[in-house]
Amino acid sequence: MSDLSLRKIVIVGGGTAGWMAAAPLAQLFAGSQVGRGCTEVVLVESPDIGTIGVGEATLPPIRAYNRSLGIDADDFVRHTQGSFKLGIEFCDWGRVGHRFFHGFGDFGPAIDNRSAWQHWLRLQRTVDNLPPYEDWSVATVMARANRFSPPEGDTPAAANAFSFAYHFDAGLYAAYLRDYALARGARRIEGLIVDVERRPEDGFVAALKLQDGRRIDGDLFIDCSGFRALLIGEAMASPFEDWSALLPCNSALAVPSERVTPLTPYTRSTAQAAGWQWRIPLQHRTGNGHVYCNGFISDEAAADTLLAGLDGKALDTPRQLRFTTGRRKAGWVKNVVAIGLSGGFLEPLESTSIQLIMDGVGRLIQFLPDRRCAPHLAAEFNRLMAQQYETTRDFIALHYKLTQRRDTELWRYCAAMPIPDTLAHQIELFRTTGRVAIYDRDGFAEPSWVSLFFGLGLRPEAYDPLVDRVDEAALVQHFARVRQAIQQTVAGMPDHGDYIARYVQAPRPHPGQGAARPAAGVSHH
Ligand SMILES: Cc1cc2nc3c(=O)[nH]c(=O)nc-3n(C[C@H](O)[C@H](O)[C@H](O)COP(=O)(O)OP(=O)(O)OC[C@H]3O[C@@H](n4cnc5c(N)ncnc54)[C@H](O)[C@@H]3O)c2cc1C
């Protein structure tokens with residue numbers, strides 16, 4: 001450890017972002033000893049302020065995050081009342097009465113080195129009664145049948161090639177990571193931060209001042225203070241780029257309801273008159289929320305819509321949240337790095353916030369500075385985060401822009417709203433050639449964009465000309481074989497609820513009830 005190594009990292013905030021940052025940092029520095037060049041990890045949180053308490057649907061890379069911490073996948077699901085997520089079912093989005101599924105994974109294996117869906121596009125022009133493209137998405141077929149079983153082996157067969165993520169209770173997830181971080185030497189301080197002390201010579205943050213007079217100094221400060229953005233916004237004054245003209249929803253109401261059966265292995269998003277409604281199934285309850293633009297509907301009417309759309313008894317009264325969509329122009333300024341809501345927020349339509357937290361934490365560790373916090377490290381972090389935020393923003397905005405709905409003010413607004421050049425290019429590229437631009441290799445992959453384009457009703461005018469090299473009759477047979485194999489494999493899988501009850505049931509009423517997994521190579525990893 002050099003003389004300039006970080007001695008103390010201070011995390012501000014103990015929500016999902018704070019503990020998702022603390023866990024890998026504690027793991028990294030666990031075992032280093034005070035006085036022999038250690039890096040201390042300290043987290044400050046205030047029970048008086050609390051956490052946002054939502055954020056319960058994730059994307060597949062969360063599994064890699066958990067794995068990197070050495071977390072046992074089954075133990076994690078049990079302790080967070082978790083369920084499995086194969087994707088998102090979109091209802092009434094393209095048009096009222098229409099449904100499509102954004103499943104995790106591809107539409108079957110590539111054929112002659114070209115994506116299977118390109119071949120499907122070709123066949124669709126010549127073959128009568130070709131089944132819908134979703135029949136080749138294993139995750140979608142599983143979701144429709146409410147089945148779940150983790151993919152088997154390292155190189156899954158075509159019929160078993162899918163990915164998955166989790167739904168979990170946000171409070172339990174933060175608590176799970178808190179226990180993990182504390183067990184590895186992270187220190188938790190309870191207190192209300194009332195002031196931030198900056199060094200006069202360079203503007204770096206020197207210390208936090210707590211209401212009770214304590215002073216918490218540090219070398220690097222990670223701002224996980226949520227929408228308050230205590231350090232990055234208030235202290236460092238990093239400007240906020242407002243994207244609400246493109247993503248007009250600015251409010252949400254959240255309410256839990258009683259669990260119903262079947263326990264569906266997917267999130268549902270139902271478009272409404274002035275926004276959309278989520279449904280996230282957990283083991284002990286269903287999470288619901290109505291995301292809307294309060295310029296197009298009153299809060300009272302939004303609450304009525306939410307409650308009318310529940311499929312189980314409400315367990316509470318709806319809780320109101322307000323937000324502004326956008327991001328900090330710079331998430332890393334001097335020795336302050338914003339992770340989580342303090343760095344930006346994109347509405348939860350594709351469950352991207354926790355992903356942005358994970359990637360922010362990963363990049364911070366990749367570019368971990370010494371005490372000087374070299375500006376080039378910050379610039380590289382900011383460049384990558386900007387790219388990810390913008391690509392994610394475009395992906396979410398695509399849902400609003402491509403819909404054919406014009407029945408209410410919100411949908412008419414979306415049809416007319418200007419979109420960024422990056423998104424306009426993406427839409428035109430697909431519309432005219434059937435190709436997808438990947439701006440960010442860490443972001444949504446091609447099958448996700450294709451799910452949306454197809455699902456929202458955009459069929460391209462052309463397809464990849466190289467797929468014509470394949471013999472059509474052989475292609476038709478191949479597609480039929482793969483489809484049948486998928487159907488057979490899925491039919492042999494357990495019901496999602498049964499799978500959970502058998503292997504990863506949360507401990508209730510007596511702890512420690514999970515059954516041992518069968519030895520047949522079944523693994524979450
Ligand atoms: C309606 C809605 C739905 C969402 N759904 C999803 C989803 O399905 N999937 C997903 O990935 N994301 C979702 N998100 C986003 C997700 O909730 C957040 O990204 C995630 O919870 C991280 O929040 P956070 O930790 O940054 O902030 P918070 O949870 O707000 O935590 C802030 C922390 O800072 C502390 N703090 C603040 N000020 C002070 C102070 N002065 N002194 C001391 N401590 C302080 C608080 O005590 C708290 O511990 C959703 C967000 C919203 C608004």
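This is a short tour of a predicted model, with stops at the ligand, the largest cavity and one sheet.

Residues are numbered from 1 along each chain as its sequence is written, and side-chain values use heavy atoms, with hydrogens and water left out. Because the model is predicted, local features need pLDDT of at least 70 and side-chain atom pairs count only at pLDDT 80 or more, while totals for chains, interfaces and linings use all residues.

**Stop 1: the ligand**

Select the ligand and the residues near it (a residue is near if one of its heavy atoms lies within 4 Å). There are 34 residues around the ligand, and the closest are G14, V54, A57, I193 and I354. By class, this shell has 17 nonpolar, 14 polar and three charged residues. Here Ala, Val, Leu, Ile, Met, Phe, Trp, Tyr, Cys and Pro count as nonpolar, Asp, Glu, Lys and Arg as charged, and the others, Gly among them, as polar.

Now show the backbone of A57, where an N or O atom lies 2.8 Å from a nitrogen atom of the ligand. At I193, a polar backbone atom is 2.9 Å from a nitrogen atom of the ligand. At I354, a backbone N or O atom lies 2.8 Å from an oxygen atom of the ligand. The protein covers 97% of the 1,000 Å² of accessible area (Shrake-Rupley method, 1.4 Å probe) that the ligand has on its own.

Next, colour helix 1 (16-29) and helix 9 (353-366), which each supply at least two residues of the shell. Which helix gives the most to the shell? Helix 9 does, with three residues. Helices (H or I, at least four residues) and strands (E, at least two) are DSSP runs, numbered from the N terminus.

**Stop 2: the largest cavity**

A cavity is a set of points, on a 1 Å grid over the protein atoms alone, where a 1.4 Å probe fits but cannot get out; lining residues have an atom within 4 Å of a point. The count comes to four cavities of 30 Å³ or more. The largest cavity holds about 110 Å³ of space. Among its 14 lining residues, select G331, A338, G343, M385 and Y389, the closest to its centre. Helix 10 (375-402) gives the most to this lining, with five residues.

**Stop 3: a sheet**

Select strands 12, 18 and 21, an open sheet with the order 12-18-21 and antiparallel pairing. Strand 12 (240-242) and strand 21 (344-345) are at the edges, each with a single partner strand, so one side of each has no neighbour in the sheet. Two strands pair if DSSP finds at least two bridges between them; strands 12 and 18 have three. Finish at E241, which stands opposite R327 in strand 18.

Conventions. A polar contact is a pair of N or O atoms within 3.5 Å; within protein, one must be able to donate a hydrogen and the other to accept it, and residues adjacent in sequence count only if both atoms are side-chain atoms. On a 1 Å grid over the protein atoms alone, a cavity is a set of points where a 1.4 Å probe fits but cannot get out, and a pocket is an open set with protein on both sides within 12 Å along at least five of seven lines; lining residues have an atom within 4 Å of a point. Grid points are joined across faces, edges and corners, and a volume is the space filled by probe spheres set on the points.
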